[in-house]
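Me: Could you walk me through how the two chains meet, and then through some of the ring pairs?

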Amino acid sequence: MSIAELPPTPEVLAPPPVQRAPREVGSSWLKYLPALIVLAAFLPMLVMHGVNLWSKPHYQFFPLVIIGSGALAYFAVQRQGRILPGRFQVAALALGFASLMGLAASAFLLSSFLAIVSFLVGLLAFIYSYGGWRLTKRLLPAWLFLWLAVPPPFNWDADFITWLKVVTAQWTSYVLDVFGILHVMQGNTVIVPPYSKLLVEEACSGIHSFFAIITCALFFVFWFGRPILHAILLLAGSVGWVLAANCARVVLIAVAQVRFGVDLAHGLRHDVLGMVIFLFLVGMVISLDRLLCFLFNSTYSFMALFKKGRMVLSRMAEAQKKKIDLGLTRWPGMGGTWVYAKPIVGIAVLLCAANYSLAALGLIEVARPSDATMVQALDTLHLDSLPPVINAGDGATAWSRLKFEVAPERPRDDKLGQFTRYWWYKHPNVDEQVTLSCDYTFYNWHDLTLCYRLNGWQMTLDKTHRPKLPNGEEDVYVEALFYNPASGQQGYLLFSLLDENGRVQAGRPTDSETLIENRLRRLREALERRPTETRFQLQLFATAYHIISEQERNLYRQLFLQYRSYLTRSYLAARQGGKP
Amino acid sequence: MTLPPRHHKHRRGWFAPIGRFFDRISYSWWRFRQRVRRVFDFRWLTTRLTLFGHYFMSGFRYPFYIIGWLLRQAWSMIAAWWQIRNFRFLIQGLPALLGIIFISVVAVYTALRSSEGLQELYQRQALDARLSGVKQKEQLCYERLLQLHYSTDPRRLETQYGLARVSMEMGNRQRATFLLAELANPDTDQGFPLAHIESAWAIWHNPQRRAKELDLMERHLRRALSKQPDSPEANSLMGIMLANTYGPSGTLRHDEAIPFLLKSKQTDINARITLATIFKDRGDEQRAELYARPVLDYLLKLSAANIDEITYPLDLTTCYLKLNEFEKAIETAEKAYRNKKSELFRAMLSNCYVAWYRWLDKMPRNALRERQKLDVLLQSLDWDQTNVEALSYFVNFMKPGGGFANEREDAHKVLLALRGNNPYLHLWLGQKLFQENKFEEARQEWDMAYKLFPDSPIIANNFAWILTHGSPAKQNLPNSGVAPDLGRAEAIINQVIARTPKEHPFRFQFHGTRGTIYLRLGQLDKAREDLVFASQGPNAVNDQVLHQQLIELYRRLGLNNRAEAHRRILEDIYRRNNRETQGQPAETK
């Protein structure tokens, strides 16, 4: 066969598959009504998902994901000629039905994760149903790109953040050793002379830039249609760049501090450094993409060269360069898609009613719960909100208040809470003073032991106490013992999480109330108009240079329980407008 | 080549089997000989080896042929690949390539670098920081070294000791104690010798050490000496400790001390002086002179050579005191005082007289010696009127009863004359009068003391205390008592609390006084705050007066349970002390 006899591209000449004609629906806006109803059923849960994502600083880039996905989809469907509906409409219908069932389950479980997954599955079913396999293939990158707005389940992103901090801190230590810069690692804290603590926080660990860079790399991959090996290497390389850049950031801060006495860890300089490093990272990702192009771009042609010879190859390359223009995209009617099936519309109407009712009750949170009342009340707490002397429980000795302090305000999403108020107490039989603090605001369970572990404390005991109260309710507080290998100190922590109404919250998600109990409680509270999603944390932390004895622990426990009681009373009084 | 024997001969007859048997044997023997011979047949051997070599090499080189072919193919593929590369991409990807190379180099360097070099680096930095006095950096160096050392690294102990030392120097006493306790536990392991010596020093410098602690000190030093038997510090301290402690027989352990002191006599002045003291006690003046003389000469020379230096005369005086040569000690100190006019020597002179008094006190009593003791004490007070030790000896010496009453009366007159402008004498007299329940006179004395030295927190505290209580009316004299002046007392004690630092050792007592004032004024909340604070003081558990105040406070507040708890504590104290409580002020007052 000569070169001239090469077969043309099959897509151009192959006759279109025989399809049944799509069902016609009315020409007015009513023809979009079923699709809108289905979309409306998803809307409250999608908004809730957006609110949840926005509450995580490392996911605040998600609007860009939607825009990017839209851009990918728009350019993917240009000049595609006539689009025909999918052949297996029953399969699409089944998938769509499953998607609506997923939505119902997500509304019952109040799980925005399940809702977004159901929505994406339904969307894929719709794409196939509407435009067949060809449209699905064209829109697959855009659809896959949308998955970036789905956080991993089981809070894996939090675990990942923790891991990233630890890795960044470890690598920083290695690099500082290479440069011969004196430093001491305490968890994810780097201490450099003259005893400055550089905490590898979310900002420094680059968790924000990590997700943004991965999104950026994935957009490159989809936009330029990179092959799979190229894509995998680019994504892996981007992860590597982010880790290296985070490490470089902390090293730069430490070097500037030690060698030049310049503080790059705070203020405008820190922000500028972060921005410069982010731009540098984007540049490095693009550069890596080019490098991979250099390595792989013609490798596939190269293999073809071996198979077919150089002349054949050049012909194929020319053919590939020519854009296949199938003419203006002509869309089929939507009447044949699964969203127009009557049972589906019926279910969607029911789900609409249920979801909007739940949203009206406040169970589906279409806005972040306001903490204004709680913060206003807690901000009024002062030195005398706790008594100057607290009985130690033995009748003879007492804890004496030493001082009170308000910590500088932190960012809204700081893991330690935005606000903190401290009281210090001292007991004659205890060497060191103990710190009592009230941290707020938190929006779900906050595991304080993790914060201490990240600061270099090794946990040796972690126990959740659940004593029964006289009124039959259950009290919950967590007790933890720590050891700090760097300073040789023992640490003792007690903490509880209280809701806006001053009620002690259940422990960690693993040992929380059962699912049904939780939903019923929340429904009851919603009907009583008592939103309880905002929380504040009360903690006691004591240190010692000896093993903390059971007797001392009893003293601390007594103090903590009394402290919690006093503070809750002061808080509730302040909330009702009285003096705390 | 020998031919093989005919082993297949056709044998016939009845003896044929026997013949075949021997034929077989001869053939086997021939085969055996042939094989043995072949081993030594060089030609056959080389032929076989050559053949074997050929076979081997043929098999061996084929894989290389294949590898070579594969490499050629690969190279041609790479060459072809390289020819169709787009170098624009390479230029654009150059930053990424350089980044990858840099990260790889750093990673390989980190992986291959041993921690020894790092440890050496930080050790050196720690030393530099120590020499330049940058303690925080030194602390960081040791903390980093502790992270780098393996758990069984012998250098870990030294690093930990360094960290303990610098923590102590930076004021983090608790951490230092914790680290030293790990390093110097005489019951568990050998530990680190310097840490043992440090712990021993800490015990030795504690003026309230008991026999149990001295026993612990000895164990620490024995641990240190088991690792460093020639350590001058350990030997010297051990010798000094033994020379000053009593053995089971009730005598000083001089015999045990001498070997340790002899080991350290070359480097340690104190060891030589202690040796001289021991021999002087034994009456061996010659040997005492032998050990003391070089030290005294050395210090005399140093004193003469460094006229402006005050430590050498002080050391010399101390040496004379240890040798009980009080006149020489006083002469040296007086001379130094005349030359340098330092107040330090006044205190030293006062202490010399006190030491002399102690020595005289051990002697049998007679009138002449009592007079001499009084003279010595007065001399001591003459040099330093605030010498608490001299004052307390004076108080004891002046106690009524016994002989020498006339002398004491004279001395009392001298004391009254002396007290004119000495606030401490007024304080002492006030205390004495207070104990004799002469409240009005005590108040006058303390008033005088307060006027003379209003900045002394202890004097002010005592004055505020007596102002709080006033003095009861004497019998038959209804208007003779003095009413409490709570307003003035409050003003004085508030001033004391405002001026004294929080670390002041009597801070708790000051709050106790103020709490009492508030209690008298009826300001119960304030009183509770102060008294509870006072109850956290180190010796508050045994303070009867404080517990009485707390009982009264809690009763007035209606907290009977707490009042009852304090009452039980008070009863316990009474039981322990086996005496009734009295309306006496707290310990400092």
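The questions below go through a predicted model, starting with the contact between the chains.

Me: How many residues does each chain give to the contact, and how much area is buried between chain B and chain A?
Reply: Happy to help! Chain A gives 46 residues and chain B gives 46 residues. Carbon and sulfur atoms provide 65% of the buried area. That area comes to about 4,200 Å².

Me: Which three residues supply the most of the area that chain B buries against chain A?
Reply: One trio supplies more than any other three residues of chain B, with 15% of the area this chain buries against chain A. Its members are Phe89(B), Leu140(B) and Gln174(B).

Me: Which side chains meet in the salt bridge between chain B and chain A?
Reply: The count between these chains is 1 salt bridge. Its N to O distance is 2.5 Å, and the cut-off is 4 Å, so the pair qualifies. The partners are Arg144(B) and Asp177(A).

Me: Which element gives the largest share of the side of chain B that touches chain A?
Reply: Besides that salt bridge, there are 11 residue pairs in polar contact between the chains, with both residues at pLDDT 80 or more. Several helices of chain B give two or more residues to this side, among them H2 (42-83), H4 (94-112) and H28 (560-577). The largest share is 10 residues, and it comes from H4(B).

Me: How many nonpolar residues are on the side of chain B that touches chain A?
Reply: Sorted by class, this side of chain B has 8 charged residues and 13 polar ones. The nonpolar residues number 25.

Me: Now for the rings: how far apart in sequence are the parts that Phe75(A) and Trp223(A) tie together?
Reply: Phe75(A) and Trp223(A) form an aromatic pair, 5.4 Å centre to centre. Their planes are 85 degrees apart and the cut-off is over 60, so the pair counts as edge-to-face. Phe75(A) lies in helix H3 (residues 62-76) and Trp223(A) in helix H8 (residues 207-224) of chain A, so the parts tied together are 148 residues apart.

Me: Are Phe536(A) and Tyr571(A) buried or exposed?
Reply: These two rings form a tilted pair, 4.9 Å centre to centre with 55 degrees between the planes. Phe536(A) sits in strand E11 (residues 535-544) and Tyr571(A) in helix H17 (residues 550-575) of chain A, 35 residues apart. Both Phe536(A) and Tyr571(A) are buried.

How values were computed: Residues are numbered from 1 along each chain as its sequence is written. Chains are lettered from A and ligands numbered from 1 in the order in which they are written. This is a predicted model: local features need pLDDT of at least 70, side-chain atom pairs count only at pLDDT 80 or more; totals for chains, interfaces and linings use all residues. Side-chain values use heavy atoms; hydrogens and water are left out. Contact means heavy atoms within 4.5 Å. Buried area is the accessible area (1.4 Å probe) that two parts lose on being put together, summed over both. A polar contact is a pair of N or O atoms within 3.5 Å; within protein, one must be able to donate a hydrogen and the other to accept it, and residues adjacent in sequence count only if both atoms are side-chain atoms. Helices (H or I, at least four residues) and strands (E, at least two) are DSSP runs, numbered from the N terminus. Ala, Val, Leu, Ile, Met, Phe, Trp, Tyr, Cys and Pro count as nonpolar, Asp, Glu, Lys and Arg as charged, and the others, Gly among them, as polar. Rings of Phe, Tyr and Trp (its six-membered ring) pair if their centres lie within 6.5 Å; planes under 30 degrees apart count as stacked, over 60 as edge-to-face and the rest as tilted. Buried means under 20% relative accessible area, exposed over 50%, partly exposed in between (1.4 Å probe, protein chains only).
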